[in-house]
Amino acid sequence: TDRRNGKPKPNPHVSAGKPYDAMSFDKIVELAKAPRKVEKRNAQWAIFSTYCDFDARVHAVQRDRGEFWVLAVDLDKDAPNLCGVLSAIREALGGIECLVYASRSATEAVPKWRVLVPLVEAVRGSDYAEIQGALFDLLEEQDLTCDRTLERTGQLVFLPNKGEYYVYEHILGERLNIG
């Protein structure tokens, strides 16, 4: 909703009938290496689903039609430094591939992170919330506070965007196998 008047913001893709652009995980890793520096309202974002039609931001549509190829974590509250995040991920998930990058509003004193975990096989939208929830449970056992709004199928995730403090780490390993 628009903060000024409380009314729903129009979705230009729905009204225009335009599909969203798709991007590979490898391309996102390249963005992390050399992120743009733009205001949040102009920042690139993604929903990690194969369903990209004009109504892709509608949660129910993604639940019914989406297939998700990346799990995403948002660590904004009480987040540790990069070493702490990487250690928690290793402890919770082993040596899986993941991309960790500082969010636009992060500072060295108050770090905030996005964690992207690519999957061996896509998961159905109808299973996505449960799988995201299980990932968050594992990470919370390692004292990471995950923003659970990312359990929603149509929730966007901001891609790398350089702020005051920016650092990233691409951990190579096997992709996470949910099966």
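# Exercises on a predicted model

Helix α5 covers residues 125-140, which makes 16 residues. Its first and last C-alpha lie 23 Å apart, close to the 22 Å expected at 1.5 Å a residue. The expected span is 1.5 Å times one less than the number of residues. Helices (H or I, at least four residues) and strands (E, at least two) are DSSP runs, numbered from the N terminus.

This is a predicted model: local features need pLDDT of at least 70, side-chain atom pairs count only at pLDDT 80 or more, and totals for chains, interfaces and linings use all residues. Residues are numbered from 1 along each chain as its sequence is written, and side-chain values use heavy atoms, with hydrogens and water left out.

**Exercise 1. Describe the chain as a whole.**

Step 1: take the elements. The chain has 5 helices and 6 strands. Along the sequence they follow the pattern α-α-β-α-β-α-β-β-α-β-β.

Step 2: take burial. Buried means under 20% relative accessible area, exposed over 50%, and partly exposed in between (1.4 Å probe, protein chains only). Of the 179 residues, 44% count as buried.

Step 3: take contacts, meaning heavy atoms within 4.5 Å. Among contacts with a separation of 6 or more, 73% join residues 24 or more positions apart.

**Exercise 2. Find which residues of α5 are buried, and what they pack against.**

Step 1: list the buried residues. They are Gly125, Tyr128, Ile131, Gln132, Gly133, Leu135, Phe136 and Leu139.

Step 2: recall the helix turn. An α-helix has 3.6 residues a turn, so residues three or four places apart point the same way.

Step 3: name the partners. The buried residues of α5 pack against α3 (59-65), β2 (67-75), α4 (82-93) and β4 (113-124).

**Exercise 3. Work out how β2 and β4 are joined, then place Val123.**

Step 1: count the bridges. β2 and β4 run antiparallel, with 8 bridges between them. Two strands pair if DSSP finds at least two bridges between them. One bridge partner of this kind is Leu116 in β4, facing Ala72.

Step 2: check the cover of β2. Of its 9 residues, 7 are buried.

Step 3: turn to Val123, in strand β4. Val123 counts as buried because its relative accessibility is 8%. Beyond four places in sequence, Val123 touches Gly66, Glu67, Phe68, Tyr128, Ile131 and Ile178. Trp69 is 54 residues from Val123 in sequence, yet their C-alpha atoms are 6.6 Å apart.

**Exercise 4. Map the largest nonpolar core.**

Step 1: define it. A nonpolar core is a set of buried Ala, Val, Leu, Ile, Met, Phe, Trp, Tyr and Cys residues joined through side-chain atoms within 4.5 Å.

Step 2: pick the hubs. The largest core has 48 residues, and Phe48, Leu75, Val100, Val115 and Leu116 touch the most other members.

Step 3: assign elements. Those giving two or more residues are α2 (25-33), β2, α4, β3 (98-102), β4 and α5. The most come from α4, with 7 residues.

Step 4: look apart from this core. Another core, of 5 residues, includes Tyr20, Tyr51, Cys52 and Val61.

**Exercise 5. Compare two loop residues, Thr153 and Asp53.**

Step 1: place them. Thr153 is in the loop between α5 and β5 (157-158). Asp53 is in the loop between β1 (45-46) and α3.

Step 2: read the accessibility. Thr153 is buried, at a relative accessible area of 3%. Asp53 is partly exposed, at 31%.

Step 3: find neighbours. Thr153 touches several residues beyond four places in sequence, including Ile47, His59 and Tyr128. The Thr153 side chain reaches the backbone oxygen of His59 at 2.6 Å. Asp53 and Asp21 are 32 residues apart in sequence and 8.9 Å apart in space, C-alpha to C-alpha.

Methods
A polar contact is a pair of N or O atoms within 3.5 Å; within protein, one must be able to donate a hydrogen and the other to accept it, and residues adjacent in sequence count only if both atoms are side-chain atoms.
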